[in-house]
Amino acid sequence: ADSMFNFNLSVKIYRSIELLYSSLFALLVAGTSLTSCKDYLDVNDNPNYPVTTTMSALLPSACASTISQLGLYGDLMGDMWLQFTTQGNTTNQYNTLCNYSLTVTSYNGFFTNAYTNTLPDLKDVIAMAEQEEAWDYWVIAKVLTAYNYHMLADLYEDIPFTEALDQEKYPYPHYDDGRTVVYPGILSLLQEAIDKCPQAAEKSSSYIDTYDMFLEGDINKWRKFAKNLKLKVLVRDFDANKQAIQALLDENDFLEDDCAFTKFEDATDKGNPLYEYNIRQLNTKVNIRACHTLVEYLLHYDDPRIANLYEVTAASNGEGDNSDIYEGLPCGSKPQTSTIALVESSAYTQAYDDPVYLMNKAEIFFLEAEAYARLGNASAAKEKYDNGVKAAFDRWESTTGMGDAFVAAGGAYAFDATSEETMMKCIMTQKWISYAHANALDGVFDRNRTGIPAISSAATVRVSDVALQRDLTPGYELGTLVAPGSSVLQPTDFPRRLLIPSRSSQYNPNAPVTKNLEEPMWWQVERGK
């Protein structure tokens with residue numbers, strides 16, 4: 001059977017790709033594992049893997065499985081936790097997510113998919129590429145391996161790394177320390193790929209532009225993207241890595257563009273993962289609604305991007321100013337707590353062809369801006385910040401070019417270079433907005449890393465929970481988050497990690513005891529910020 005990842009790639013792609021993609025979407029949405037219950041991370045019994053395969057079959061499979069969880073649960077978590085969206089008030093699908101009610105069985109698909117699908121595929125690509133001296137495949141697979149490990153480390157902190165992917169030798173792999181082993185290991189993977197790029201660029205393998213679903217086999221772009229990831233990892237421990245960060249900035253060799261999976265089709269199981277799950281598969285399409293937190297911010301600053309993020313309310317018929325036709329719901333609301341009728345709230349805009357980003361263009365500009373700001377180079381920070389805001393506006397045709405006025409002197413989003421604190425607030429607030437409809441999970445990591453957006457002491461965004469009554473709660477500052485209505489955490493706490501999956505803790509005696517959801521990782525700011 002075809003699946004969401006069985007695209008019309010090329011007549012040269014083998015039937016084995018169809019086998020690899022078969023049932024992948026349904027499996028990953030369910031969050032189940034392909035592993036046998038008797039062994040931890042045993043991929044040998046996977047019926048969807050052909051007995052023999054090729055790099056050209058495995059690479060697109062690895063690309064697809066890299067974004068399968070990221071584009072579904074990653075975007076859901078980011079959208080809900082960053083308060084771009086909240087649960088609709090006539091249904092219950094995502095109540096536990098927006099109220100932080102996670103357990104050891106929540107979103108295990110991130111872990112099982114990476115260790116049973118993506119990383120083994122990439123390991124095989126690397127081994128085959130070494131045999132055939134296909135260094136373009138090798139570089140891409142190395143960078144994607146680093147990306148997947150980085151995503152896991154950001155989600156879980158300590159993960160199987162040095163003993164991972166060798167089930168015969170290490171049936172029960174130890175979890176490595178994130179700070180001293182995993183993150184340095186990720187940097188080594190990226191540097192190996194960067195060093196190999198000149199050799200990889202000398203020739204291009206046949207049809208690799210078709211098999212590489214992110215950057216079409218362009219090794220120069222992969223080199224630059226590897227440096228994007230390197231900077232992203234280095235800022236996790238900024239003070240310890242200042243010299244390396246400055247050296248990377250001096251090279252000025254970043255991919256200042258989107259790195260995204262875009263090859264979706266308007267057909268069942270072939271579209272954007274969140275669209276497939278939330279729109280095509282559920283028996284209701286009203287779950288994901290606009291949240292007061294972002295809606296009120298965009299309306300206050302007359303930000304035209306609101307029209308790209310949200311649909312007009314059914315009650316307004318699209319008639320009136322933006323403040324009349326866009327409305328949110330209180331963050332984390334249970335169906336019984338909101339008096340705003342469903343027709344009076346805006347749905348979150350979704351489409352089958354929404355890209356799934358590994359990194360978006362605005363994100364890398366903001367990352368550079370942060371690095372310059374923290375190194376004390378205010379002029380360079382402003383340049384990159386302005387570019388980031390403009391790129392976030394230019395993501396949509398309807399708002400292309402509108403960012404210029406917002407960052408101009410006196411503009412609503414003009415850069416404040418008074419101090420490192422003011423620069424960081426500008427950068428991270430606009431970066432927060434830029435994550436809406438673009439790899440929102442990374443915005444959760446950034447919030448936990450920097451404390452921006454802050455968690456407000458105000459209980460709600462607005463005084464009134466009545467449609468279009470927009471007076472803010474005393475003490476609430478636009479651009480800050482609020483505690484969801486019935487959070488399982490303390491009001492100023494925020495989810496800091498996923499819990500160690502039960503799939504690992506039950507079958508791997510070396511799995512650590514999971515930490516509390518709100519316990520910060522080593523690279524995150526202290527609780528309450």
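# Notebook: core, cavities and backbone outliers

I started from Tyr310, which, leaving out residues up to four places away in sequence, touches Phe84, Ala290, Leu294, Val295, Leu298, Tyr326, Ser346, Ala347, Tyr348 and Thr349. I keep in mind throughout that I am reading a predicted model.

**Entry 1, the core.** I looked up where Tyr310 stands among the nonpolar residues, and found it listed with Phe84, Phe110, Tyr149, Phe214, Phe225 and Tyr385 as the residues that touch the most other members of the largest nonpolar core, a set of 157 residues. Helix α6, residues 135–156, supplies the largest share of this core, with 16 residues.

**Entry 2, the whole protein.** Before going further I noted the overall counts, which are 20 helices and 6 strands. Of the 529 residues, 62% are buried, and the accessible surface comes to about 19800 Å², with 47% of that belonging to carbon and sulfur atoms. Among contacts with a separation of 6 or more, 74% are between residues 24 or more positions apart.

**Entry 3, helix α6.** I then asked how far α6 reaches from its first C-alpha to its last. The span is 31 Å for 22 residues, close to the 32 Å expected at 1.5 Å a residue. Because 22 of its 22 residues are buried, I describe α6 as largely enclosed by the rest of the structure. The residue that follows α6 is Glu157, and its phi is positive, near 80°.

**Entry 4, Phe111.** In helix α5, which covers residues 109–132, I checked Phe111 and recorded a relative accessibility of 1%, so it counts as buried. Phe111 and Leu155 are 44 residues apart in sequence, yet their C-alpha atoms are 9.2 Å apart in space.

**Entry 5, Cys331.** Is Cys331 buried or exposed? Its relative accessible area is 9%, which is under the 20% limit, so Cys331 is buried, although it lies in the loop between α14 (322–325) and β6 (356–359). Leaving aside residues up to four places away in sequence, Cys331 touches Gln83, Thr86, Cys291, Val482, Pro484 and Gly485. I also noted Ala290, one of the residues that Tyr310 touches, because the C-alpha atoms of Cys331 and Ala290 are separated by 9.0 Å while the two are 41 residues apart along the chain.

**Entry 6, open and closed space.** The structure holds 8 cavities of 30 Å³ or more, and about 120 Å³ of space lies in the largest cavity. This cavity is lined by 13 residues, with Asp75, Asn272, Leu274, Asp354 and His437 lying nearest its centre, and helix α3 (residues 55–81) gives the most to the lining, with 3 residues. The second largest pocket contains about 440 Å³ of space; among its 22 lining residues, Lys425, Cys426, Thr429, Ile452 and Glu477 are the closest to its centre. The largest share of that lining, 7 residues, comes from helix α18, residues 420–434.

**Entry 7, the peptide bond after Ile452.** Since Ile452 appeared in the pocket lining, I looked at the bond that follows, and the peptide bond from Ile452 to Pro453 is cis, with omega near 0°. Pro453 is placed in the loop between α19 and α20.

**Entry 8, the same loop and its end.** Pro495 is found in the loop between α19 (440–450) and α20, and at 1% relative accessibility it counts as buried. Its contacts, apart from neighbours within four places in sequence, are Trp81, Tyr100, Asn448, Leu489 and Leu517. Pro495 and Val444 are 51 residues apart in sequence and 8.7 Å apart in space, C-alpha to C-alpha. In helix α20 itself, residues 502–505, I checked Ser502, which counts as buried at 11% relative accessibility and touches Val104, Thr105 and Asn108, again not counting residues up to four places away in sequence.

**Entry 9, positive phi.** Most residues other than glycine have a negative phi, and most peptide bonds are trans. I therefore list two residues that are not glycine. Asn317 has a positive phi of about 55°, lies in the loop between α13 (306–309) and α14, and counts as exposed at 61% relative accessibility. Leu468 has a positive phi of about 70°, lies in the loop between α19 and α20, and counts as partly exposed at 41% relative accessibility.

Definitions and conventions:
Residues numbered from 1 in each chain as written. Predicted model: local features only at pLDDT ≥ 70, side-chain atom pairs only at ≥ 80, totals over all residues. Heavy atoms only, no water. Helix = DSSP H or I, 4+ residues; strand = E, 2+ residues; numbered from the N terminus. Buried < 20%, exposed > 50% of the residue type's maximum accessible area, 1.4 Å probe, protein only. Contact = heavy atoms within 4.5 Å. Areas by Shrake-Rupley, 256 points an atom, 1.4 Å probe, with all protein chains shown as cover. Core = buried A, V, L, I, M, F, W, Y, C linked by side-chain atoms within 4.5 Å. Expected span 1.5 Å × (residues − 1). 1 Å grid on protein atoms, 1.4 Å probe; cavity = no way out; pocket = protein on both sides within 12 Å on 5 of 7 lines; lining within 4 Å. Points joined across faces, edges and corners; volume = space filled by probe spheres on them.
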